[in-house]
2 protein chains.
Amino acid sequence: MKKLVVFLFALFLLQVHTYGQQAIFQGAPQIVSPEIHSDGSVTFRFQAPNAGEVRLTGDFLPPDGWMPGSVTMEKNAEGVWSYTTRPLSSDLYGYAFIVDGLRSMDPNNVYMIRDVASVTNVFIVPGGQGDYYSVNKVPHGTVLRTWYDSPSDQYEQKRRITIYTPPGYENGKDKYPVFYLLHGMGGDEEAWINLGRTSQILDNLIASGKAKPMIVVMSNGNVIQEAAPGESSLGLYKPGMQLDGTMDGQFEVAFKDVIKFVESRFRVIPRKSDRAVAGLSMGGFHALHISRYYPNTFDYIGLFSAAIMTDERQASNPVYAGFDKTLQAQKDNGYKLYWIGIGKTDFLYKANAEYRQKLDKMQMPYVYRESEGGHTWTNWRLYLTEFVPLLFK
Amino acid sequence: MKKLVVFLFALFLLQVHTYGQQAIFQGAPQIVSPEIHSDGSVTFRFQAPNAGEVRLTGDFLPPDGWMPGSVTMEKNAEGVWSYTTRPLSSDLYGYAFIVDGLRSMDPNNVYMIRDVASVTNVFIVPGGQGDYYSVNKVPHGTVLRTWYDSPSDQYEQKRRITIYTPPGYENGKDKYPVFYLLHGMGGDEEAWINLGRTSQILDNLIASGKAKPMIVVMSNGNVIQEAAPGESSLGLYKPGMQLDGTMDGQFEVAFKDVIKFVESRFRVIPRKSDRAVAGLSMGGFHALHISRYYPNTFDYIGLFSAAIMTDERQASNPVYAGFDKTLQAQKDNGYKLYWIGIGKTDFLYKANAEYRQKLDKMQMPYVYRESEGGHTWTNWRLYLTEFVPLLFK
């Protein structure tokens with residue numbers, strides 16, 4: 001037994017050697033990167049004896065204008081470049097190395113998340129907010145990727161969708177409330193489950209009693225897409241922004257297909273008090289319009305850094321037809337929560353402030369949450385952990 | 001509308017610029033990589049004006065001993081390195097760049113698959129075998145990641161499992177046959193669905209009428225693991241081989257929990273004629289032993305490059321206790337298919353030949369498939385497309 005295992009292991013090392021980092025057979029130090037210390041500081045390491053300069057970039061460094069900041073790493077005698085951060089607050093962070101000007105993944109960290117057309121290494125600093133994003137020893141829900149019929153847009157296609165069902169769903173007969181959670185521009189049905197850590201956040205909030213068990217539906221808001229890049233018949237293409245028809249009302253109209261599918265396929269409570277809709281950026285725009293397109297359908301609405309347009313831009317967009325009237329109807333019909341969250345430095349801050357003024361003028365109630373930072377997944381994960389506990393109470 | 005979209009798009013470009021490739025704002029050529037030509041040749045491109053040498057490595061190049069081969073790329077005036085292959089046969093391939101000795105991902109290709117502790121870019125050459133691995137315009141099944149109770153091993157834990165249900169499963173009342181598909185050493189419940197392209201292969205085989213609709217169960221064969229790396233409470237750790245208890249009979253014993261879970265949770269046909277079990281490498285070892293541990297349970301058995309041990313190694317391994325007797329019982333009970341596939345250059349070729357001799361001696365029938373190549377996912381995807389059409393007929 002041992003012999004075979006040793007042999008298989010040797011073969012495995014050869015394969016790692018081949019496709020992985022080069023150090024294993026060379027007596028070089030085993031690289032650990034990132035190494036998260038107990039005080040929250042993090043050490044990054046990258047073996048590149050011949051590189052002239054290795055920099056670290058990440059969303060935990062002070063930004064450089066629109067760009068995340070970067071710092072120079074230091075090389076030791078073994079050719080390992082390293083950098084240790086100040087103690088970081090508990091959260092999920094992204095980073096990459098820049099090796100002689102070229103962006104490079106960390107070969108010692110297989111955890112990466114795609115955001116549109118780029119891929120970033122990630123890590124979690126535990127002990128606070130980051131614990132919501134970690135898999136903990138708690139009951140876990142189920143994550144499904146499936147397909148539904150969408151005849152209500154001009155493309156009339158099968159579309160891919162990601163759905164979270166809470167722990168206990170499969171073994172019971174209870175019906176559950178449904179939370180529709182929408183991605184932003186450039187995102188797709190993989191965005192919230194990967195970048196957003198939805199299943200981890202829900203598992204943890206439900207286990208701690210902070211949130212009610214619920215079904216979370218992560219649809220694809222780009223009506224021209226069957227599915228996320230790589231998951232459709234378009235093949236393994238380079239992702240782009242897929243702008244056509246994303247912000248002109250088509251998705252809002254086609255959204256009835258999502259609701260119909262979910263309510264026929266899953267054990268749900270099909271009433272207003274047990275439906276929520278929220279989205280980030282473009283998904284906030286979708287949530288805003290969906291919640292007024294479908295009167296008396298949602299008691300909980302969340303706009304996370306929503307791409308709300310100012311008046312002059314609204315004129316030419318069919319989605320805004322009858323805006324004031326339907327908003328007034330939404331107000332008159334009543335709802336339990338209209339939640340608006342935005343970061344202080346978000347480029348959509350002003351548009352959101354103008355929208356709040358509009359709601360104030362209409363005396364349409366809402367809850368406002370202003371966070372630090374800008375138009376980032378750091379904020380959207382944070383908003384999700386804050387919004388979900390408010391639902392279906 | 002247009003203004004906002006333009007603004008959002010500009011912001012998006014800034015973000016791509018930041019985290020993505022550097023060329024966008026510099027007037028450099030937009031890089032397409034890999035570019036798959038109609039004759040099956042493939043051009044790879046990598047922008048690195050200051051690099052001294054960029055090499056391409058991939059599983060489509062002639063191997064260099066145990067290592068995949070590599071070739072030097074050529075730099076043009078714009079600092080873009082490129083290499084065009086000979087026409088490749090239709091398949092799914094993996095590759096990486098080696099930039100001045102450092103392995104690097106292709107920044108223009110977001111499609112990557114993790115194999116144990118390394119990550120590789122992938123692409124598909126269409127027009128043949130590769131079409132089985134592509135998402136086509138056919139009905140799609142559903143892929144679930146869920147958790148089941150596993151009290152039958154010493155760890156008594158919740159364990160994560162990946163399950164494919166065929167198109168039509170959710171909307172009907174039919175019961176389905178079940179195919180248990182097991183990964184190799186260093187793999188986990190993500191291996192077959194990601195590296196193995198199981199959902200694409202099943203969708204395509206079912207759509208073309210070559211395979212019967214079936215449920216495919218991809219469990220985790222490492223009894224000490226709750227879940228794949230990054231999906232358990234161990235956090236985002238560096239994956240290793242997780243050797244403890246993987247090849248000593250523990251998983252085979254605990255496998256009853258998998259069957260129990262699947263047969264209680266899904267609409268299955270719970271009889272021998274509608275159960276199959278197969279696995280690759282260590283998973284072939286598991287399939288071999290599971291199929292004799294559970295007498296009269298499986299009519300279809302598949303050993304893909306199975307890690308079969310020769311006699312002297314068997315002596316010390318408890319899993320082989322009563323080997324000949326239970327194999328004889330398996331033969332006497334009867335089965336429909338015992339399928340053995342292996343590549344001509346696989347390091348387990350000899351062990352498999354010896355096992356076939358043993359079966360010959362016992363007059364225990366099997367189907368033998370010898371392919372080109374070695375212990376690779378190229379072969380395991382191929383075996384899956386050949387094995388599945390033989391099931392439940």
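The exercises below, each with a worked solution, concern a predicted model.

**Exercise 1. Domains of chain A**

Find into which domains chain A is divided, and describe the side of domain 1 that touches domain 2.

Solution.
- Step 1. Take the bounds: domain 1 of chain A covers 23–125, and domain 2 covers 142–390.
- Step 2. Take the separation: the C-alpha centres of these two domains of chain A are 33 Å apart.
- Step 3. Look at the contacts between them: seven residues of domain 1 of chain A meet ten residues of domain 2 of chain A.
- Step 4. Assign the domain 1 side to elements: β7 (91–99) and β9 (112–115) of chain A each contribute at least two residues to it.
- Step 5. Sort that side of domain 1 of chain A by residue class: four are nonpolar, three are charged and none is polar.

**Exercise 2. Helix α6 of chain A**

Work out what span helix α6 (residues 282–293) of chain A should have, and what covers its buried residues.

Solution.
- Step 1. Helix α6 of chain A has twelve residues, and the expected span is 1.5 Å times one less than that number. The result is 16 Å.
- Step 2. Compare with the model: the end C-alpha atoms of α6(A) are 16 Å apart, in agreement with the expected span.
- Step 3. Apply the burial cut-off, which is 20 or more other C-beta atoms within 10 Å. Eleven of the twelve residues of α6(A) are buried, so defined. Among them are A:Phe285, A:Leu288 and A:Ile290, and also A:His286, A:His289 and A:Arg292.
- Step 4. Identify the cover: the elements over the buried residues of α6(A) include the strands β13 (178–182), β15 (275–280) and β16 (300–304) of chain A, together with α5 (250–265) and α8 (323–333) of chain A.

**Exercise 3. An open sheet in chain A**

In the open sheet of four strands in chain A, state which strands stand at the edges and why one side of each is left without a neighbour.

Solution.
- Step 1. Write the strand order: β1-β2-β6-β5 of chain A, paired antiparallel.
- Step 2. Read off the edges: β1 (35–36) and β5 (74–75) of chain A each have a single partner strand, so one side of each lacks a neighbour in the sheet.
- Step 3. Check one edge: β5(A) is joined to β6 (residues 80–84) of chain A by two bridges, and the two strands run antiparallel. Across this pairing, A:Glu74 faces A:Ser82 of β6(A).

**Exercise 4. Strand β7 of chain B**

List strands that pair with β7 (residues 91–99) of chain B, and give a residue pair for each.

Solution.
- Step 1. Note the burial: eight of the nine residues of β7(B) are buried.
- Step 2. β3 (residues 54–58) of chain B pairs antiparallel with β7(B) through five bridges; B:Val54 has B:Val99 as its bridge partner.
- Step 3. β10 (residues 118–125) of chain B also pairs antiparallel with β7(B) through five bridges, with B:Gly94 opposite B:Val122.
- Step 4. β8 (residues 102–104) of chain B is joined to β7(B) by three bridges, again antiparallel, and B:Ile98 is opposite B:Arg103.
- Step 5. The hairpin of β7(B) and β8(B) has two residues between its strands, where B:Asp100 has a positive phi near 45°.

**Exercise 5. A:Ser219**

Decide whether A:Ser219 counts as buried or exposed, and name residues that A:Ser219 touches.

Solution.
- Step 1. Locate A:Ser219: this residue is in the loop between β14 (215–218) and α5 of chain A.
- Step 2. A:Ser219 has 30 C-beta neighbours inside 10 Å, and therefore counts as buried.
- Step 3. Leaving out residues up to four places away in sequence, A:Ser219 touches A:Ile161, A:Tyr180, A:Leu182, A:Glu189 and A:Val258.
- Step 4. Take one contact: A:Glu189 is 30 residues from A:Ser219 in sequence, but their C-alpha atoms are 5.1 Å apart.

Methods: Residues numbered from 1 in each chain as written. Chains lettered and ligands numbered in written order. Predicted model: local features only at pLDDT ≥ 70, side-chain atom pairs only at ≥ 80, totals over all residues. Domains from an automatic or database assignment. Contact = placed C-beta atoms within 7 Å. Nonpolar A, V, L, I, M, F, W, Y, C, P; charged D, E, K, R; others polar. Pairing = 2+ DSSP bridges.
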